[in-house]
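Let's walk through this model together, going from the way helices pack to the way chains meet. Keep the 3D view open as you read.

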Number of protein chains: 2
Amino acid sequence: MDNKSRSRSPEPRLPSGIRVVNVGLDLLADSIRRQGHEIVTVDWRIPAAGEDQIIQVLKRLLGRHAERIDAANAEVFRRLDTASPTLNGVKTALDVLPAMTDRTILHPGPPLEWSEFCDPLRRSVRAAAMAEGWARNPDEAEKLVASGGVALDSANHLDTVVPMATAIGPSSPLFEVGFDNYKSYSPINQGPGKTAWFGVDEPEAVERLVWLAEVAGPILGAAIRSAGPIDVFAMVSQGLHMGDDLHMRTQATGNLLLRHLFGDLVETAPGGLAEFARFWSANHLFFLNIAMAAAKATTTWAAEVPDSSVVVAMTRNGTTFGIRVTGAGDEWFVAPAPPVQHAMYYPGFGPETSAPDIGDSAVLELIGLGGPAAAAAPAVAAFVGGTMADARAVTEQISHISVGRSSRFTIPTLDYAGTPVGVDIRKVVELQITPSVNTGILHKTDGTGQVGAGVAVAPIDVFRDALVALDAALQ
Amino acid sequence: MDNKSRSRSPEPRLPSGIRVVNVGLDLLADSIRRQGHEIVTVDWRIPAAGEDQIIQVLKRLLGRHAERIDAANAEVFRRLDTASPTLNGVKTALDVLPAMTDRTILHPGPPLEWSEFCDPLRRSVRAAAMAEGWARNPDEAEKLVASGGVALDSANHLDTVVPMATAIGPSSPLFEVGFDNYKSYSPINQGPGKTAWFGVDEPEAVERLVWLAEVAGPILGAAIRSAGPIDVFAMVSQGLHMGDDLHMRTQATGNLLLRHLFGDLVETAPGGLAEFARFWSANHLFFLNIAMAAAKATTTWAAEVPDSSVVVAMTRNGTTFGIRVTGAGDEWFVAPAPPVQHAMYYPGFGPETSAPDIGDSAVLELIGLGGPAAAAAPAVAAFVGGTMADARAVTEQISHISVGRSSRFTIPTLDYAGTPVGVDIRKVVELQITPSVNTGILHKTDGTGQVGAGVAVAPIDVFRDALVALDAALQ
């Protein structure tokens with residue numbers, strides 16, 4: 001307000017000051033801000049990018065179907081917000097997964113033909129085949145799989161979630177995590193370095209898989225049996241107050257688990273504990289797979305609610321990105337896997353050497369962890385702009401497309417506000433904001449393994465397609 | 001600004017709006033705020049509470065002595081901000097403390113006559129005497145100490161720091177932490193429950209002390225020897241980003257240490273590792289003593305700088321609160337130990353059952369941890385008002401009496417600002433702001449142990465007395 005000039009010329013009666021509200025594109029706002037004035041901006045966007053058919057669909061889903069969908073979403077939210085899975089033990093894949101055969105390998109993401117597998121996942125499948133003893137080298141493994149000698153399936157189809165390019169065979173040890181009849185599974189995290197889950201098929205990656213099955217699995221199984229069921233989300237809630245987002249960074253929560261299991265590990269280890277201890281000490285993502293399995297059990301329960309517009313599966317295989325939405329049935333809505341943006345690379349690597357987004361870990365983003373919890377994690381801030389304000393902006397952005405705020409996953413620096421939970425595809429398509437997924441990046445072609453980490457942005461097309469299918473299903 | 005009424009009567013030329021700055025007492029500010037107007041408040045206080053002699057002292061110390069003191073303080077700050085102590089091993093008190101005898105017990109705080117010891121510390125000394133085998137029960141121990149059969153000394157005098165009411169005899173295992181010739185010591189934290197450091201002298205408290213010497217000490221000693229020196233402040237810096245203040249809450253940092261030592265513990269433990277593991281799992285303050293010893297080595301180096309107005313020792317024995325200031329020599333400036341304010345009590349306890357502030361742990365507040373790091377710790381926020389804004393206010397308040405900001409202990413949510421380091425007694429006395437100390441609370445009389453936790457505010461008198469002594473020393 002410029003009161004001084006006004007007092008020199010009181011007539012005509014112009015407003016003594018101007019307060020500006022800018023709606024939509026930021027051009028006007030920027031200009032006014034540069035002149036040193038305050039401005040309120042409304043981040044308005046053309047709904048559904050102005051696409052006519054979709055606007056009609058949205059009118060129905062936000063209009064006459066709204067009550068039905070909102071009621072379903074409230075129940076989905078309740079399940080996502082209250083499911084309380086426990087870590088119950090370690091089991092062998094063949095023993096616990098009904099659809100597993102002694103010649104099956106499970107992979108991340110939506111189902112896929114072998115010919116479409118990206119390079120890192122192809123290497124991981126070969127490593128798994130070698131670890132199972134089906135092949136002596138990558139060439140033999142490649143031929144075996146290419147000839148149809150191995151059944152390939154999406155881990156998601158067997159209540160299992162695997163991070164990055166993890167592939168698992170029938171002898172893989174799996175964490176069992178769940179509640180009531182909702183049991184989900186995830187393998188033991190393979191750790192850093194030359195490991196198959198990073199797309200490496202060298203001998204040491206294969207040896208790691210064998211060691212996990214023969215040594216680490218029995219040790220963890222015995223310790224968890226001795227400790228009794230462990231409330232995963234109680235530990236996760238603490239971890240969020242200790243700088244974890246539980247996706248890109250899980251180490252505070254993993255350390256809580258280590259301290260919890262320390263006595264049981266020492267008392268019950270059948271052998272090899274020293275090597276196991278070195279392995280855990282070096283593994284910052286030990287808890288990732290456990291959190292993922294807990295998220296999977298939670299979304300499986302939520303997926304039983306009909307008519308909802310909430311995403312209950314979101315995953316990538318390095319070739320395609322796919323989601324499922326409860327009200328749209330069992331169909332996978334897929335699009336090409338996006339590149340990972342907001343990335344930091346190891347020296348010598350960059351976008352040109354990066355495989356597209358891969359792994360089942362995006363299930364975490366469906367229950368309020370990972371991207372929605374960015375504001376909790378200084379380590380994530382580094383990838384989204386460098387400051388905690390940038391991290392808070394990620395959490396805030398996701399809240400616009402979410403059903404509600406978690407009552408148990410809270411962020412102290414946001415006055416203990418809950419993380420956003422439950423991705424509503426109506427809001428995603430209307431606002432053209434898709435979920436952010438905190439993730440690692442693998443080398444595209446040469447089996448180097450991890451080359452960086454960053455934030456992937458889900459492709460809008462899968463949400464659009466799911467929206468159309470939901471609309472059709474509700475007619 | 002009330003532009004509307006003004007436009008009805010443009011003359012006389014009164015200011016079109018009023019912006020108010022309130023200096024000092026908040027009465028005017030509150031009234032204006034209630035009327036819905038903005039106000040800038042300046043937290044001005046009468047310097048040195050208006051005490052004439054002290055104002056003259058301050059004039060000298062901030063006037064003609066300022067350059068000399070500021071130069072000294074800059075060097076003190078440099079030492080407090082750059083000392084890099086490592087955790088080197090576990091030693092027996094009698095072996096490493098030159099002034100230790102086979103009949104000495106060390107206690108927290110400034111030196112004190114036995115008749116002045118508070119109840120919890122008296123109990124802890126009796127427990128230590130029993131653990132040494134000098135007495136079979138508390139009565140025998142009491143008689144032995146009262147008759148002069150045991151030499152009592154301040155742990156601080158022997159480069160040692162002990163938290164709460166810890167008392168240590170010659171057979172106590174001590175962490176050795178330091179750099180170059182600056183070695184400091186602290187015993188292994190005794191853990192929760194019926195333990196002597198909480199002022200308990202029951203048999204299980206004595207057994208814990210014996211177990212620490214016979215089992216825990218050798219296990220930790222072997223593991224640290226195997227792991228090699230551990231950079232304490234590198235771990236502390238990470239812990240601050242994981243919700244620790246490193247005084248009231250140390251568990252993120254402790255868990256980092258556990259993960260670091262896990263392999264060495266398993267490989268080298270001479271026996272009793274399972275019981276040790278259970279002990280560590282249950283001990284949220286395991287890292288406290290290690291951080292304290294690192295702080296002590298750091299302040300010992302800083303204390304060699306002459307002419308400084310920075311506090312280099314700050315400690316309490318439950319009866320007196322004492323500080324040392326480098327420019328004022330080796331003298332302890334003491335006042336009665338304050339009560340712990342901003343406290344949360346276990347059910348059934350309150351201020352009336354609480355012993356005054358006790359322990360050497362306030363050394364942490366001298367190097368930028370504890371109170372200065374409150375803004376880093378959601379767990380501390382609960383004690384100072386409940387929100388992270390309250391915790392930030394504690395950090396901010398301490399910054400007004402500090403020499404600078406840490407370059408290594410940073411707080412992500414303050415845009416990675418460093419914690420305040422180096423308490424300058426000139427600022428303390430001028431502003432009448434004393435350091436806040438995050439601490440536990442012990443039962444006053446009956447040996448119950450810990451009854452709560454809170455924030456103690458250092459008594460102003462010791463800073464005032466030190467200021468006068470510094471002034472005299474500089475003449």
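A definition helps first: an angle between two helices under 35 degrees counts as roughly parallel, one over 145 as roughly antiparallel, 65 to 115 as roughly perpendicular, and the rest as oblique. Please bear in mind that this is a predicted model.

With that in hand, look at helix 3 (residues 52-61) and helix 16 (residues 460-474) of chain A, which pack at an angle of about 55 degrees with their axes 10 Å apart. Helix 3 of chain A and helix 16 of chain A are therefore oblique to each other. Their crossing is left-handed. On the helix 3 side of chain A you will find I54(A), V57(A), R60(A) and L61(A), and these meet R464(A), L467(A), V468(A), L470(A) and D471(A) in helix 16 of chain A. By class, this contact is made of six nonpolar and three charged residues, with no polar ones.

Now turn to another pair, helix 4 (residues 66-82) and helix 12 (residues 288-302) of chain A. The axes of helix 4 and helix 12 of chain A lie 9 Å apart, at an angle of about 155 degrees, so these two helices are roughly antiparallel to each other. Here the crossing of helix 4 of chain A with helix 12 of chain A is right-handed. V76(A), R79(A) and L80(A) of helix 4 meet T298(A), W301(A) and A302(A) of helix 12. Four nonpolar residues, one polar and one charged make up that contact.

Stepping back, chain A is divided into domain 1 (3-44), domain 2 (51-80 + 304-474) and domain 3 (86-292). The C-alpha centres of domain 1 and domain 2 of chain A are 37 Å apart.

What about the partner chain? In all, 31 residues of chain A are in contact with 32 residues of chain B. Helix 1 (3-8), helix 10 (251-268), helix 11 (273-281) and helix 13 (378-381) of chain A each supply at least two residues of the side that touches chain B. The largest share, ten residues, comes from helix 10 of chain A. By class, this side of chain A has 15 nonpolar, eleven polar and five charged residues.

How are the two chains related? A rotation of 180 degrees, with 0.0 Å of shift along its axis, superposes chain A on chain B with an RMSD of 0.1 Å. That is the relation of a two-fold axis. In chain A, the C-alpha nearest this axis belongs to M242(A), 2.0 Å from it. Finally, 100% of the interface residues of chain A are also interface residues in chain B, so the copies meet through the same surface.

Methods. Residues are numbered from 1 along each chain as its sequence is written. Chains are lettered from A and ligands numbered from 1 in the order in which they are written. This is a predicted model: local features need pLDDT of at least 70, side-chain atom pairs count only at pLDDT 80 or more; totals for chains, interfaces and linings use all residues. Domain bounds come from an automatic or database domain assignment. Two residues are in contact if their C-beta atoms, placed from the backbone, lie within 7 Å. Helices (H or I, at least four residues) and strands (E, at least two) are DSSP runs, numbered from the N terminus. Ala, Val, Leu, Ile, Met, Phe, Trp, Tyr, Cys and Pro count as nonpolar, Asp, Glu, Lys and Arg as charged, and the others, Gly among them, as polar. Axes are lines fitted to C-alpha atoms, for helices over the stretch in contact, and angles run from 0 to 180 degrees between N-to-C directions. A crossing is left-handed if the near helix is turned anticlockwise from the far one by less than a right angle, and right-handed if clockwise. Copies are superposed by least squares on the C-alpha atoms of residues with pLDDT of at least 70 in both.
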